[in-house]
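Trainee: Please pick one part of this model and take me through it closely, then follow the thread outward. I would like the cut-off behind each term as it comes up.

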Amino acid sequence: KVSVFQREPVYLDFHISPISCHTGDDGEIMIDEYGGCGGMQYKLLPNRPLDQLGAGHYRLQATYPTGTTTEFEFDIDQVLPIIVQAEVQNSTSGANNGSITLTVSGGTPGYSYLWNDPAQSELPVLSQLAPGTYSVIVTDANGCTRQVAFTVADLTTAYWSVLLNQC
């Protein structure tokens with residue numbers, strides 16, 4: 001009597017978790033295995049953990065219980081850095097009439113703001129500013145931050161009068 005066993009095929013689902021912040025290393029690959037007889041082993045080439053991955057190209061080796069190996073490739077994309085640009089309106093004649101209007105891009109949209117002004121403003125526009133330097137911490141939806149500073153100058157206008165001596 002001869003018995004023939006047919007192995008059930010193995011199905012693998014890969015789930016790639018991207019990095020949360022620019023130059024971060026919290027990316028991860030998760031693997032769901034279906035079918036087969038279990039006992040699969042996985043490793044990244046070169047050998048490293050499947051989590052704490054930065055942006056880049058990776059090769060994953062899957063080893064079946066029989067010793068047969070298969071390689072898979074995947075990419076973890078780099079998240080754009082948070083970019084903060086500002087339109088600064090300078091103060092005139094020492095008055096509190098300067099302003100800073102922010103435009104933010106990159107990171108993961110859903111930005112919050114925290115200024116170092118006396119009111120600890122949380123809006124992208126700061127107005128009625130006296131001359132001085134103002135810093136803001138911009139936080140994106142993933143909790144990534146960028147701190148920048150802008151200077152509101154005093155554009156005091158000097159008036160000159162000239163007295164001409166006429167003969």
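Mentor: Let us start from arginine 59, which at 34% relative accessibility counts as partly exposed; that class lies between buried (under 20% relative accessible area) and exposed (over 50%), with a 1.4 Å probe and protein chains only. The model is a predicted one, in which local features need pLDDT of at least 70 and side-chain atom pairs count only at pLDDT 80 or more, while totals for chains, interfaces and linings use all residues. Residues are numbered from 1 along each chain as its sequence is written, and side-chain values use heavy atoms, with hydrogens and water left out.

The side chain of arginine 59 meets that of glutamate 71 in a salt bridge, with 3.2 Å from N to O, where the term requires a side-chain nitrogen of Lys or Arg within 4 Å of a carboxyl oxygen of Asp or Glu. Side chains of opposite charge can pair when their charged atoms come close. A search of the whole structure finds one salt bridge. Glutamate 71 belongs to strand β5 and arginine 59 to strand β4, and the pair, 12 residues apart, links distant parts of the chain; strands are DSSP runs of E with at least two residues, helices runs of H or I with at least four, numbered from the N terminus. Glutamate 71, at 43% relative accessibility, is likewise partly exposed.

The strands that carry this pair, β4 (residues 56-63) and β5 (residues 69-76), run antiparallel and are joined by eight bridges, pairing being assigned if DSSP finds at least two bridges between two strands. Within this ladder, leucine 60 stands opposite phenylalanine 72, and tyrosine 58 has phenylalanine 74 as its bridge partner. In a regular strand the side chains alternate between the two faces of the sheet. The hairpin of β4 and β5 has five residues between the strands, and there glycine 67 takes a positive phi near 95°. Strand β4 is also joined to β3 (residues 41-45), which runs antiparallel to it over five bridges, with tyrosine 42 standing opposite alanine 62.

From here we can turn to another sheet, an open one of three antiparallel strands in the order β8-β10-β11. Strands β8 (112-115) and β11 (145-152) stand at its edges, and because each has a single partner strand, one side of each is left without a neighbour in the sheet. Neighbouring strands of this sheet are turned by 25° against each other on average, direction ignored, the axes being lines fitted to C-alpha atoms (for helices over the stretch in contact) and the angles running from 0 to 180 degrees between N-to-C directions. Strand β8 pairs with β10 (residues 132-139) over four bridges, and one of the partnerships is that of tyrosine 113 with valine 138.

Tyrosine 113 also leads to leucine 102 in strand β7 (residues 98-105), since these entries share a neighbourhood: leucine 102 and tyrosine 113 are 11 residues apart in sequence and 9.7 Å apart in space, C-alpha to C-alpha. Leucine 102 is buried, at 8% relative accessibility, and, leaving aside its neighbours within four places in sequence, its contacts (heavy atoms within 4.5 Å) include Tyr113, Trp115, Val138 and Phe150. Serine 121, in the loop between β8 and β9 (125-129), is in contact with Tyr113, Leu114, Trp115 and Leu126, its neighbours within four places in sequence again left aside. Serine 121 is buried at 18% relative accessible area, and its side chain is joined to that of aspartate 117 by a polar contact of 2.8 Å, that is, a pair of N or O atoms within 3.5 Å, where within protein one must be able to donate a hydrogen and the other to accept it, and residues adjacent in sequence count only if both atoms are side-chain atoms.

The last link is covalent: the structure holds one disulfide, a pair of cysteine sulfur atoms within 2.5 Å, and it joins cysteine 21 to cysteine 144 with 1.7 Å from S to S. The link is left-handed, with -90° about the S-S bond. Cysteine 21 lies in the loop between β1 (10-17) and β2 (28-35) and cysteine 144 in the loop between β10 and β11, so the pair ties together parts 123 residues apart in sequence. Cysteine 21 is partly exposed at 22% relative accessibility, whereas cysteine 144 is buried at 8%.
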